[in-house]
Amino acid sequence: MNIKETQALIQRGDPSNQHNIARGDEFQSLVHNFESALNYALLYRVGVKAMGKKFDCRISFAIASGAYLRDSVGESMGQHLLCLEAI
C-alpha cells in the first residue's frame, strides 16, 4: 500500500476529506469526520510500514474551528484548538 492508496481509503470514509502530497515526502489530510482521525493515522502508519522501506513518518493532529480552506490542504489555515504529535 502506498500513500495515494491510503488517501483513497480515507476518502471513502468521507468524500469531502482532502489530501495533499508535497515533495514526495510530505503528506497531509484534512478530514471532516474527525472522530475517525485516529483510524486514519493508523492507516497512514500501516501504509508507510507496508512499503518495506527503511523510513518512517511523524504524525501530527491539529483540531481547528473556523478553518479557512484553500484549494490546497497545505495552504489552508485556521486557529487550532489542539495540536498533538506522535512519532
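Reader: Before we start, what counts as a contact here?

Author: Contact means heavy atoms within 4.5 Å. With that in hand, keep in mind that this is a predicted model.

Reader: Okay, so which residues does Ala41 touch?

Author: Leaving out residues up to four places away in sequence, alanine 41 touches Ile59 and Phe61.

Reader: And which residues make up the largest nonpolar core?

Author: There are eight: Ile3, Ile10, Tyr40, Ala41, Tyr44, Val48, Cys57 and Ile59. Helix H1 (3-13) and helix H2 (37-50) are the elements that give two or more residues to this core.

Reader: Which one gives the most?

Author: That's H2, with four residues. In soluble globular proteins, nonpolar side chains tend to be buried together.

Reader: Let's stay on H2. Which of its residues are buried?

Author: Ala37, Tyr40, Ala41, Tyr44, Gly47 and Val48. Looking down the axis of H2, you'd find these buried residues within an arc of 125°, so they line one face of the helix.

Reader: Why would residues a few places apart point the same way?

Author: An α-helix has 3.6 residues a turn, so residues three or four places apart end up pointing the same way.

Reader: Then what about Leu38 and Val46, buried or exposed?

Author: Both are exposed, on the other side of H2.

Reader: How far apart are the end C-alpha atoms of H2?

Author: They're 20 Å apart. At 1.5 Å a residue, its 14 residues should span 20 Å, so the two agree.

Reader: And what follows H2?

Author: Glycine 52 follows H2, and its phi is positive, near 75°.

Reader: New topic: where does Asn17 lie?

Author: Asparagine 17 is in the loop between H1 and strand E1 (18-22).

Reader: Buried or exposed?

Author: Asparagine 17 is buried: its relative accessible area is 3%, and buried means under 20%.

Reader: Which residues does it touch?

Author: Skipping residues up to four places away in sequence, asparagine 17 touches Ile10, Gln11, Leu30, Val31, His32, Asn33 and Tyr40. Take asparagine 33: along the chain, asparagine 17 and asparagine 33 are 16 residues apart, yet their C-alpha atoms are separated by 8.0 Å.

Reader: Zooming out, what pattern does the protein follow?

Author: Along the sequence it goes α-β-β-α-β-β, which comes to two helices and four strands.

Reader: How much of the protein is buried?

Author: Buried residues make up 22% of the 87 residues. As for surface, the protein exposes about 6,300 Å², and carbon and sulfur atoms supply 55% of that.

Notes
Residues numbered from 1 in each chain as written. Predicted model: local features only at pLDDT ≥ 70, side-chain atom pairs only at ≥ 80, totals over all residues. Heavy atoms only, no water. Buried < 20%, exposed > 50% of the residue type's maximum accessible area, 1.4 Å probe, protein only. Areas by Shrake-Rupley, 256 points an atom, 1.4 Å probe, with all protein chains shown as cover. Core = buried A, V, L, I, M, F, W, Y, C linked by side-chain atoms within 4.5 Å. Expected span 1.5 Å × (residues − 1). Arc of directions from axis to C-beta.
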